[in-house]
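Let us walk through this structure step by step. Keep the sequence and the 3D view side by side as you read.

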Amino acid sequence: MADLDEPMVVDGGTGTRCEWEGRWNHVRKFLERSGPFTHPDFEASTESLQFMLDTCKILVIGAGGLGCELLKDLALSGFCNIHVVDMDTIDVSNLNRQFLFRPKDVGRPKADVAAEFINSRIPGCCVVPHCKKIQDFDETFYRQFHIIVCGLDSIVARRWMNGMLLSLLVYEDGVLDPSSIIPLIDGGTEGFKGNARVILPGMTACIDCTLELYPPQINFPMCTIASMPRLPEHCIEYVRILLWPKEKPFGDGVGLDGDDPDHIQWVYQKSLERAAEFSITGVTYRLTQGVVKRIIPAVASTNAVIAAACATEVFKIASSAYIPLNNYMVFNDVDGLYTYTFEAERKENCSACSQVPQDLHFSPSSKLQEVLDYLTESASLQMKSPAITATVEGKNKTLYLQSVASIEQRTRPNLSKTLKELGLSDGQELAIADVTTPQTMLFRLSFTS
């Protein structure tokens, strides 16, 4: 960043943004002259910089380890109109890598503190915070942005955002309207590994097209947790899943809060006792908190590399000066340094971005439970709590709904019924809603003999 003691001038006399001579020289080198790596159709001009400074609106989702890096990189690259969404509050454990936060900020919303820091440190930059879930916003909110950047640690949230951008696409006579496309730049890190990808909804592979690249969350078998623990994680899971609801250490109805030190300390002590009983070593307070909160190992340097890659792709797309990444880059510095770029291809039968319902192959004698198991366990679907409805005898019928207790109890008997008994037929369309997408997805039953 340029020296803040240099003389400042007000841009264009509008009073809207503080500038000083030479502030954007590093950006102008890329936008106001051509070169061997520029896009074939690129024409050097001053307009690209003005678009970035005055018009381009960026949404950053997540203000954690990756999000802090993204906000810093984007603001210093000339993007002055940024919104950030994050529903979390700052914990002491965040401070070692989420550098926009200080000890005095513990307990405050991440989005608010990150926005305040960037706005106070980088003159002319306006970061607007939103301390909410991404699901709390409607289509109108997301339509206002030119580019959306994800710095998330949740696959469910990624898939939901992916579904939202797909729902914004406009087709005229089956042809996609390019003006309805909002590019999605997605970054992810885990320890010394990371990835960055560019998604053009409706044109390139979406999140769900490559769902197999995201391994399902590890869940330990209940029999192992209860009877034959072998790992320290088994002992912690035993306390979390079985002992906490049984002993109710903090009173009836008090759920386990991974951010409450008293809760974690109780789980830690009980896990130590469980581990000692089975001669298992390795239970620590840090591991206990990691298991309870499902914490993914984070390394500051990996976050910095992936955020830089994502910010570079935002710059390419916003300026049209360079060809964007096509379309998936992996990074690994566990042993040496390794990067690899490849083109992830669209799935013709992707449940999220294809224009035709995906076929579900079952026999008429298959039970609804088998369909539910397929939706949740299939590597290409990985749904969390699907709600299944269908039109039977001209009426819309809820076959199973898990999220509402009263409806779940009423529809539970359907799980043991066959598809034929439920009145479903070959070619029948099933409408399935899930937390992984804002849209209701259509599937078509294809009966097998």
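Begin with one pair of residues: Glu190 has Lys193 of E10 as its bridge partner. This is a predicted model, so every feature described here belongs to a prediction. The pair sits where two strands meet. Strand E9 covers residues 184-190 and strand E10 covers residues 193-199. They pair in the antiparallel sense, over 7 bridges. Strands of a sheet pair through backbone hydrogen bonds, either parallel or antiparallel.

Now step back to the whole sheet. E9 and E10 belong to an open sheet of 8 strands. Read across it, and the order is E5-E4-E3-E6-E9-E10-E11-E12. The pairing is mixed. Which strands form the edges? They are strand E5 (126-130) and strand E12 (338-342), and each pairs on one side only. Neighbouring strands in this sheet are turned by 15° against each other on average, direction ignored.

A helix lies across this sheet. Helix H3, residues 65-76, crosses strand E3 (57-61), strand E4 (81-85), E5, strand E6 (147-151) and E9. H3 runs at about 145° to E6.

Next, look at the nonpolar interior. The largest nonpolar core has 51 residues. Which of them have the most contacts inside it? They are Ile58, Leu71, Leu74, Phe79, Ile82 and Val149. Helix H11, residues 300-319, gives the most to this core, with 9 residues. Val149 shows how the core draws on separate stretches of sequence. Leaving out residues up to four places away in sequence, Val149 touches Ile58, Leu59, Val60, Ile61, Leu70, Leu74, Ile185, Cys310 and Val314. There is also a second, separate core of 23 residues. Among its members are Ile134, Phe141, Leu152 and Met164.

Turn now to charge. Side chains of opposite charge can pair when their charged atoms come close. The model has 17 salt bridges. Three of them, and one network, are worth a stop.

Start with Glu139 and Arg143. Their side chains meet in a salt bridge, 3.4 Å from N to O. Both residues lie in helix H5 (residues 139-143), and because they are 4 residues apart there, about one helical turn separates them. Are these residues buried or exposed? Glu139 has 33% relative accessibility, so it counts as partly exposed. Arg143 is partly exposed too, at 45% relative accessibility.

The next pair is Asp186 and Arg158. Their closest N and O atoms are 2.9 Å apart. This salt bridge links distant parts of the chain. Asp186 is in strand E9, while Arg158 is in helix H6 (residues 155-167), and the two are 28 residues apart. Both Asp186 and Arg158 are buried.

A network comes next. Salt bridges link Lys104, Asp105, Arg108 and Glu116.

The third pair is Asp359 and Arg444. Their side chains meet in a salt bridge of 2.9 Å, N to O. Asp359 lies in strand E13 (residues 358-362) and Arg444 in strand E17 (residues 441-447), so the pair ties together parts that are 85 residues apart in sequence. Asp359 is partly exposed, at 30% relative accessibility. Arg444 is also partly exposed, with a relative accessible area of 29%.

Arg444 leads into another sheet. In E17, Arg444 is the bridge partner of Glu429. Strand E16 (residues 429-433) and E17 run antiparallel, joined by 4 bridges. They are part of an open sheet of 5 strands with the order E13-E17-E16-E14-E15 and mixed pairing. Its edge strands are E13 and strand E15 (395-400), each pairing on one side only. The twist averages 35° from one strand to the next. Helix H12, residues 368-377, packs on this sheet. H12 touches E13, strand E14 (387-392), E15 and E16, and its direction makes about 135° with that of E13.

Finish with two helices that pack together. Helix H9 (residues 261-277) and helix H10 (residues 285-293) meet at an angle of about 110°, with their axes 9 Å apart. That angle makes H9 roughly perpendicular to H10. From H9, the contact uses Pro261, Ile264, Gln265, Val267 and Tyr268. From H10, Tyr285, Thr288, Gln289 and Val292 take part.

Methods
Residues are numbered from 1 along each chain as its sequence is written. This is a predicted model: local features need pLDDT of at least 70, side-chain atom pairs count only at pLDDT 80 or more; totals for chains, interfaces and linings use all residues. Side-chain values use heavy atoms; hydrogens and water are left out. A nonpolar core is a set of buried Ala, Val, Leu, Ile, Met, Phe, Trp, Tyr and Cys residues joined through side-chain atoms within 4.5 Å. Buried means under 20% relative accessible area, exposed over 50%, partly exposed in between (1.4 Å probe, protein chains only). Contact means heavy atoms within 4.5 Å. Two strands pair if DSSP finds at least two bridges between them. Axes are lines fitted to C-alpha atoms, for helices over the stretch in contact, and angles run from 0 to 180 degrees between N-to-C directions. A salt bridge is a side-chain nitrogen of Lys or Arg within 4 Å of a carboxyl oxygen of Asp or Glu. Angles under 35 degrees count as roughly parallel, over 145 as roughly antiparallel, 65 to 115 as roughly perpendicular and the rest as oblique.
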